[in-house]
Amino acid sequence: MGQATVQLSESARAASAHEAGFRIDVPIAPARSARIVALDDRAAGVARRLAALPWAGARFYTAVSTETLRQLDDTPVPLDGVIARTDVVVVLATEDRGHRVAAEIGRICGERAITTAGVVLGEGFEVDEAVAALRPYARVLLLSADESDVVELLTALRV
């Protein structure tokens, strides 16, 4: 009589001691630095609520002009300086008012190969110009009525 051969399932093979030697057991590092820029007053409220959550290296700003942002404590900072040493920029909008800033952020990030994402929040979106300004540059462009989607996006981007 012959000896029976035992066939292991994929799950069993993956859990074997041999396969364990190939596993990476170090957690994925968060993004080194992320910048979240609110383009309008309602988006600034969202940014303030988001800033209260635990993030690794995220900094939150509101748009003033195509050259200047404000930290959430109202300290003005140059847009170019904010973007200079970052890995990802997320732009938040609830209306069209900040479309010129969105376009400038997209242009700078595009030139520097910085990942750019846009989030448009609200119902009955009135942000056609903001979306149009971000579309050529944003790898992710999310239109949502649910603010919690922003948290999910930032988590997915390892902010």
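**Salt bridges and the setting of helix α3**

Glutamate 95 has a relative accessibility of 25% and therefore counts as partly exposed. In the predicted model, this residue takes part in a salt bridge with arginine 97, in which the closest N and O atoms are 3.2 Å apart. The pair belongs to a wider arrangement, since Asp41, Arg42, Glu95 and Arg97 are linked in a network of salt bridges.

The protein as a whole contains 7 helices and 7 strands, which follow one another along the sequence in the pattern α-α-β-α-β-β-β-α-β-α-β-α-β-α. Of its 159 residues, 38% are classed as buried. The exposed surface of the protein amounts to about 9,500 Å², of which 51% is supplied by carbon and sulfur atoms. Contacts between residues at least 6 apart in sequence join residues at least 24 apart in 67% of cases.

Two members of the network, Asp41 and Arg42, are exposed residues on the face of α3 turned away from its buried side. Helix α3 spans residues 41-51, and its buried residues are Ala43, Ala44, Val46, Ala47 and Leu50. These residues cover an arc of only 160° around the axis, so they lie on the same side of α3. An α-helix has 3.6 residues a turn, so residues three or four places apart point the same way. The cover over the buried residues of α3 includes the strands β1 (34-38), β2 (58-63), β5 (88-93) and β6 (115-121), together with helix α7 (148-156). At the N-terminal end, α3 is capped by aspartate 40, a side-chain oxygen of which lies 3.2 Å from the backbone nitrogen of arginine 42.

Helix α3 also contributes to a salt bridge between arginine 49 and glutamate 147, with the closest N and O atoms 2.8 Å apart. Because glutamate 147 lies in the loop between β7 (140-144) and α7, whereas arginine 49 lies in α3, the pair ties together parts that are 98 residues apart in sequence. Both partners are partly exposed: the relative accessible area is 29% for glutamate 147 and 47% for arginine 49.

Across the whole structure, the search identified 7 salt bridges. One of them joins the side chains of glutamate 111 and arginine 107, with an N to O distance of 2.6 Å. These two residues lie 4 residues apart, about one turn of the helix, within α5 (residues 99-112). Glutamate 111 counts as exposed at 58% relative accessibility, while arginine 107, at 32%, counts as partly exposed.

Notes: Residues numbered from 1 in each chain as written. Predicted model: local features only at pLDDT ≥ 70, side-chain atom pairs only at ≥ 80, totals over all residues. Heavy atoms only, no water. Buried < 20%, exposed > 50% of the residue type's maximum accessible area, 1.4 Å probe, protein only. Contact = heavy atoms within 4.5 Å. Areas by Shrake-Rupley, 256 points an atom, 1.4 Å probe, with all protein chains shown as cover. Arc of directions from axis to C-beta. Polar contact = N/O pair within 3.5 Å; in protein donor to acceptor, adjacent residues only side chain to side chain. Salt bridge = Lys/Arg side-chain N within 4 Å of Asp/Glu carboxyl O.
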